[in-house]
Amino acid sequence: MSVNERTRLPIPNSRFPTSGEFVFATAQYESGDWDSAPLVPANLIDSLARYTSLPVAPTGAIVALASDDLFRFPLVFLTGHLPVRFTDAERANVRRFADRGGMLFVDDHNHDIDGAFHKTAVEELTRAVGPLSQLPNTHPIYSAFFKFPDGPPNTSHELNGWGDNLVHAHLLAAMRGDRIAVLYSNKDYSSEWGYHPDNKRFLAIDNTKFGVNIIVYALTR
Amino acid sequence: MLSRAERARRAGEGALRVIAMAAIATLLWRAIRSPVATGVDVARGDLRRALVRWTLAPATEMRVVLDAAPDPGTRDWLRALARAGGSVRWSSSRPIGAAAVVAEPAVEPNAVTRVRLASASGEAVSLADDAGAIDTLARGGARELELGTVVGAVRASGATFTATSYARDSVVLRPVLVLGAAGWESKFTIAALEERGWRVASRVQVAPNIAVTQGALGAIDTARYAAVIALDSTAVSLSNEIARYARAGGGVILGGSASRSGAFAGIAPGRVAARVAGVAGAVTSAAPRTGLGAFPVSSPGAGAVVLESRDGVPMIAAQRLDAGRVMQVGYDETWRWRMAGGDESAAAHRAWWSRLVAAVAYAPLVPREPGLTSIDETPLASLVDALGPSTPMEARPAARTDNARITWMLFILSAASLLAEWTSRRLRGAR
């Protein structure tokens, strides 16, 4: 199935958020491989249900970035390996989404600052919502639920020297007022969180806790 | 031995002296005696001279024929004459327009002045402040304006009136406390108020014993918060405090989900009906809130006022609760309006929430420096209040005694008598 065919897939109505229910949404865009991390939504949904009492939909939703349905999901996750080129409709929607208070969480699945995704995604996001800048490690997102006093937690991919062989000390963000409109990560959380939720029991420390912080921040700020 | 002519001359001099002394005594007596009513007097046009005259010597009945509502000074002078025992009646040579203007600080953080103008006369009304013209209503009517800056007094002027007002007070706005569960409604309610300029403190529940807080949280009282918004059942644990706060003068907004809890039944303006879904796609329409799901207000209490309805079903109601106000808002997903609405939806969502809070907020007034200008917000109504309703009458010429002329005549008489007496004495060689 090509990306274009997938784009036309309707979102089942059951996935639209009912009142008060959080639905984890993944952005589907025309270019690149938007579905490169299919296990991340289920894993974060599991963590959210595990640590909080928030009503959460048991399955995530996939929403086309160019669709009006985007505005039903004020937090949207976007990832991929391949170059990102937004269509005009996608770019306009992302801009409108950010201006209205939505939050787009973008993760570079390559973990490579010289990689095609990073270069093109940053370029496209800058065109859509303005330049990305370093998010201070004291930002409330690092204490929204769990405490991360040193900023964004490192991933095993960073520590193993994969990708760009860098440990990124900061996330990037585009702001609207004092709120994050776009949160951008080079840390490859898509790989770090891309496993079946049942396998958390094999981890000494649950590495998805920062994902909970991102969601809680989006829901409270 | 004086000649006969000399004796007659001296007698004449004595008589002149007596006349002069009598005239002077009369002048003195007129100056210090209480004014005496002297018949019916009618004044029209410029009333100043008539007012001075009536103050010195009130007429039995003082009538004024106006062609416009008098200024506050003139009106107060007439009222004083009436209160002093005189009969003051008024009529007008043409209908005087009923108009009112009021300028007051809006209970919102953007420090605007809200000007409300109403004119029932149908004549053109121009609205201006000390800096210049603001607006014109060609045929009168009513208008409400929010002005960022107002210089001095606000005046609404028509052909027969000038109404004047100015914002005499400023408001003290304390933070708004938002209580809710982590979710889009809490997030976007807080965002809307902050973006509109309100200071917001919040407690957003994430897990049973974990809440994300913002701002200084403390006891819920009017010294700390202008309003409390309870969005859902997470506020139930504070229901007693919130009820006490409302009764003490605070403003409370109960969201649709919060109203479902029996904990707020004692203060809610009504009960809660079963949830109704929004009309699909209506958030982009001209009536965007019809696209929102809601818990309608059922059975509004006797003191409740329904502020918004959908197909006759109350969606928002409010009531006074002792010194405070409580508003029940049925909508529980206004965030959809902001996110999925038309181009202006985010701004409209902000303004709507801000208006709701402003409608209930505890906002003590702080008087500004007094004496900027005289206020006359309702010229015709104030005239009726001062002198009673207009009494049509036939204009009659003044049937008055001219006190000023008598005074002059007495003065001339005394001066002439003294001069004649002095001249006579000098001519006969006396000192």
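Chain A of this predicted model contains seven helices and seven strands. Read from the N terminus, its elements follow the order α-β-α-β-β-α-β-α-β-α-β-β-α-α. Chain A is also in contact with chain B, through 23 residues of chain A and 20 residues of chain B.

**Overall dimensions of chain A**
- The radius of gyration of chain A is 16 Å, which agrees with the value near 17 Å for a compact globule, because the chain has 221 residues.
- Along the principal axes, the C-alpha atoms of chain A occupy a box of roughly 40 × 40 × 40 Å.

**Burial and contacts within chain A**
- Of the 221 residues in chain A, 49% are buried.
- Among the contacts in chain A with a separation of 6 or more, 76% are between residues 24 or more positions apart.

**The side of chain B that touches chain A**
- On chain B, 20 residues are in contact with chain A, where 23 residues take part.
- At least two residues of this side come from each of three elements of chain B: helix H4 (184–195), strand E13 (200–207) and helix H7 (335–340).
- H4(B) contributes the most to the side of chain B that touches chain A, supplying six residues.
- By residue class, the side of chain B that touches chain A comprises twelve nonpolar, five charged and three polar residues.

Note on methods:
Residues are numbered from 1 along each chain as its sequence is written. Chains are lettered from A and ligands numbered from 1 in the order in which they are written. This is a predicted model: local features need pLDDT of at least 70, side-chain atom pairs count only at pLDDT 80 or more; totals for chains, interfaces and linings use all residues. Helices (H or I, at least four residues) and strands (E, at least two) are DSSP runs, numbered from the N terminus. The radius of gyration is taken over C-alpha atoms; the globule rule is 2.2 Å times the number of residues to the power 0.38. A residue is buried if 20 or more other C-beta atoms lie within 10 Å of its own, exposed if 12 or fewer, and partly exposed in between; C-beta atoms are placed from the backbone. Two residues are in contact if their C-beta atoms, placed from the backbone, lie within 7 Å. Ala, Val, Leu, Ile, Met, Phe, Trp, Tyr, Cys and Pro count as nonpolar, Asp, Glu, Lys and Arg as charged, and the others, Gly among them, as polar.
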